[in-house]
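Reader: I have a model open and a few questions about it. Can we go through them briskly?

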Amino acid sequence: MFGFVKPYIPELKVREYELYKSVYCGLCRSMGKHTTVASCASLSFDMTFFALARILLTGDTYSTKRVRCAAHPFRRRPALCDCASLEYTAYVNAFLSYYKLIDDKRDERGVKKMRAVVMMPFARAAARRLPAEYASVGETTRQRPEVMSSLEAENCDEPSRVADEFGSLIGATLSHGIEGSGGKIAYEIGRYVGRFVYLADAVCDFHDDKKLGRYNPFVAAGAEVSLEKDGFILGHEADGAMAALALVDGDKSIFACMSNIISIGMMTAVKNAENGEKRNEKSI
């Protein structure tokens, strides 16, 4: 959805990269099964991380198989078989995508606004498939964006306050149904990563938002920000997520993938975006 929560592939071992790709492809297939084929258009690196985290934190068992798909019809690729973590991630993605489109429809212009208008009916149809057992998740993904919209409408000049709303949204959805200390760890991982994503997006879009008159918490605060000058802000969030992840004892390959993403991949993606590289949210 934002294109920041992605691995730094040169530092992954081959088996870790193969596992990551299998989760990515498995999530795509799970989305097609549970939230309509059209929802596969919203597949992203961000939600692949979410799926990895759910598998690790819930101890979900998984297996892979080699499959063909419409995107890769000539060569079989490893894909994680559908499991509880992938199914849950598919539903969370449907809701997050729907409210992201609402936000884009309100704030964007030109092609991005038109895309949001066109995709809205498909995203709404996917979100409506949420099973009753996840009703509280749907309510959370509705309430938090509404609070964020209110803060943006007020031109809130506290970046940390708005970021914490998005972080709390990711923390609450990631920790849903996980009991005890595992749930607290899941919440903290999600909260820190969510805060990172929101603040990184604000830093990278600072000059465009200022020029176009769009809401940006750093613009509202009257600050001049750049990754070179304010990178420590994002570093703090990444360090917090890494500290929470260090408390998890589980699948070593999935842990390695998540560690790579948090400790190297996220900051690398932000630096690339700051240097003018187009954000790549979903191609692998």
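**Core, helices and strands**

Author: The largest nonpolar core (buried Ala, Val, Leu, Ile, Met, Phe, Trp, Tyr and Cys residues joined through side-chain atoms within 4.5 Å; buried means under 20% relative accessible area with a 1.4 Å probe, protein chains only) has 87 residues. F4, L57, I189 and F196 have the most contacts inside it. This is a predicted model, where local features need pLDDT of at least 70, side-chain atom pairs need 80 or more, and totals for chains, interfaces and linings use all residues. Residues are numbered from 1 along each chain as its sequence is written, and side-chain values use heavy atoms, without hydrogens or water.

Reader: Which helix gives the most to this core?

Author: Helices are DSSP runs of H or I, at least four residues, numbered from the N terminus. One of them, spanning residues 180–204, gives 13 residues to the core. That helix is α7.

Reader: How are α7 and α11 oriented to each other?

Author: Helix α11 covers residues 252–274. The axes, lines fitted to C-alpha atoms over the stretch in contact, are 10 Å apart. The angle, taken from 0 to 180 degrees between N-to-C directions, is about 10°. Angles under 35 degrees count as roughly parallel, so α7 and α11 are roughly parallel.

Reader: How many residues of α2 are buried?

Author: Helix α2 runs over residues 45–58 and has 14 residues. The helix is mostly covered. The buried count is 13 of 14.

Reader: Which residue takes a positive phi just after α2?

Author: Helix α2 ends at residue 58. Just after it, phi is about 70° at G59.

Definitions and conventions
Buried < 20%, exposed > 50% of the residue type's maximum accessible area, 1.4 Å probe, protein only. Helix = DSSP H or I, 4+ residues; strand = E, 2+ residues; numbered from the N terminus. Expected span 1.5 Å × (residues − 1). Parallel < 35°, antiparallel > 145°, perpendicular 65-115°, else oblique.
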